[in-house]
Amino acid sequence: MFQALDGLPDQVLGLEAVGAIGDRDFEDVLAPAVEDRLSRNDKIRLLFVFGPDFEGYQGDASWDDALDVARSSDFDRLAVVTDVGWVRPMVRSVGWLVPADIEIFTVEEQAAALAWITA
């Protein structure tokens, strides 16, 4: 599931992946949260944290589901925080599809990711 990260500016949507992520997480959490932020901001920024409690995707859920949301020109930055080995190359391989600045950080660099996404 996705858990909201609190204490961020309104134009920044922060989510942490905990446990297994399924289609419902994209449909019921990510997409409505993006729409909510866009109702108040011209552009928004996304911060995804895939920490030690992330167990992967289940069912048909995939990074493509996240990209369906992130392909919009309504985004100007995307930060991914992870130590999960396969997430980094996946972000790099599909990053050109996202019309936003993208940075990848380690879990140890989460403070730097927060500073970058809110700058």
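**Parallel strands and aromatic pairs**

Hi everyone, let me start in the sheet: strand E4 and strand E5, which spans residues 101-105, pair in the parallel sense, with 5 bridges between them. Before I go on, please keep in mind that this is a predicted model.

Staying with that pairing for a moment, Val81 has Phe105 as its bridge partner in E5. The connection is worth a look too, since E4, H3 and E5 make up a right-handed β-α-β unit. And how much of E4 is buried? That is 7 of its 8 residues, so the strand is largely enclosed by the rest of the structure.

Now let's move to the other neighbour of E4. E3 pairs with E4, again in the parallel sense, over 7 bridges. If you want to find the register on your screen, Val49 stands opposite Val81 in E4, and Leu47 has Ala79 as its bridge partner in that strand. So Val81 turns up twice in this talk, with Val49 opposite and with Phe105 as a partner in E5.

E3 has a further partner. Strand E2, residues 12-21, runs parallel to E3 and pairs with it over 9 bridges. One of the matches here is Ala20 with Gly56 in E3. E2, H1 and E3 also form a β-α-β unit, and this one is right-handed. As for burial, 10 of the 14 residues of E3 are buried, so E3 is largely enclosed by the rest of the structure.

Let me step back to the whole chain. It contains 4 helices and 5 strands, and along the sequence they come in the pattern β-β-α-β-α-β-α-β-α. The chain has 119 residues, and 45% of them count as buried. Its accessible surface is about 6000 Å², with 48% of that belonging to carbon and sulfur atoms. For those of you who like contact maps: among contacts between residues at least 6 apart in sequence, 72% join residues at least 24 apart.

On to the rings, then. A pair of aromatic rings is described by the distance of the centres and the angle of the planes. How many aromatic pairs does a search of the whole structure find? The search gives 9. Take Phe2 and Phe26: their pair is edge-to-face, at 5.4 Å centre to centre and with 80° between the planes. Phe2 belongs to strand E1 (residues 2-4) and Phe26 to helix H1 (residues 23-38), so this pair ties together parts that are 24 residues apart in sequence. Are these two rings' residues buried or exposed? Phe2 counts as buried because its relative accessibility is 7%, and Phe26 counts as buried as well, at 5%.

A second pair takes us back to E3. Phe54 and Trp86 form a tilted pair, with 6.0 Å between the centres and 45° between the planes. This pair links distant parts of the chain, 32 residues apart: Phe54 sits in strand E3 (residues 44-57), and Trp86 sits in the loop between strand E4 (75-82) and helix H3 (87-94). The burial of the two partners is worth noting: Phe54 is buried at 9% relative accessible area, while Trp86 is partly exposed at 38%.

Where do these four residues belong in the wider picture? Phe2, Phe26, Phe54 and Trp86 are among the members of one aromatic cluster, which also includes Phe48, Phe50 and Tyr57.

One residue beside that cluster deserves a mention, and that is Val84. Val84 lies in the loop between E4 and H3 and is buried, at 18% relative accessible area. Which residues is Val84 in contact with, leaving aside its neighbours within four places in sequence? They are Phe50, Gly51 and Phe54. Val84 and Phe54 are 30 residues apart in sequence, and their C-alpha atoms are 8.5 Å apart in space.

Finally, one for anyone who enjoys a cation over a ring. Arg77 lies over the face of Trp116, at 4.5 Å from the ring centre.

That's my tour, and thanks for listening!

Technical notes
Residues are numbered from 1 along each chain as its sequence is written. This is a predicted model: local features need pLDDT of at least 70, side-chain atom pairs count only at pLDDT 80 or more; totals for chains, interfaces and linings use all residues. Side-chain values use heavy atoms; hydrogens and water are left out. Rings of Phe, Tyr and Trp (its six-membered ring) pair if their centres lie within 6.5 Å; planes under 30 degrees apart count as stacked, over 60 as edge-to-face and the rest as tilted. Helices (H or I, at least four residues) and strands (E, at least two) are DSSP runs, numbered from the N terminus. Buried means under 20% relative accessible area, exposed over 50%, partly exposed in between (1.4 Å probe, protein chains only). A charge sits over a ring if NZ of Lys or CZ of Arg is within 6 Å of the ring centre and within 35 degrees of the ring normal. Contact means heavy atoms within 4.5 Å. Accessible areas come from the Shrake-Rupley method with a 1.4 Å probe; for residues, only the protein chains shown count as cover. Two strands pair if DSSP finds at least two bridges between them. A crossover is right-handed if, with the strands pointing away from the viewer, the path from the first strand over the helix to the second runs clockwise.
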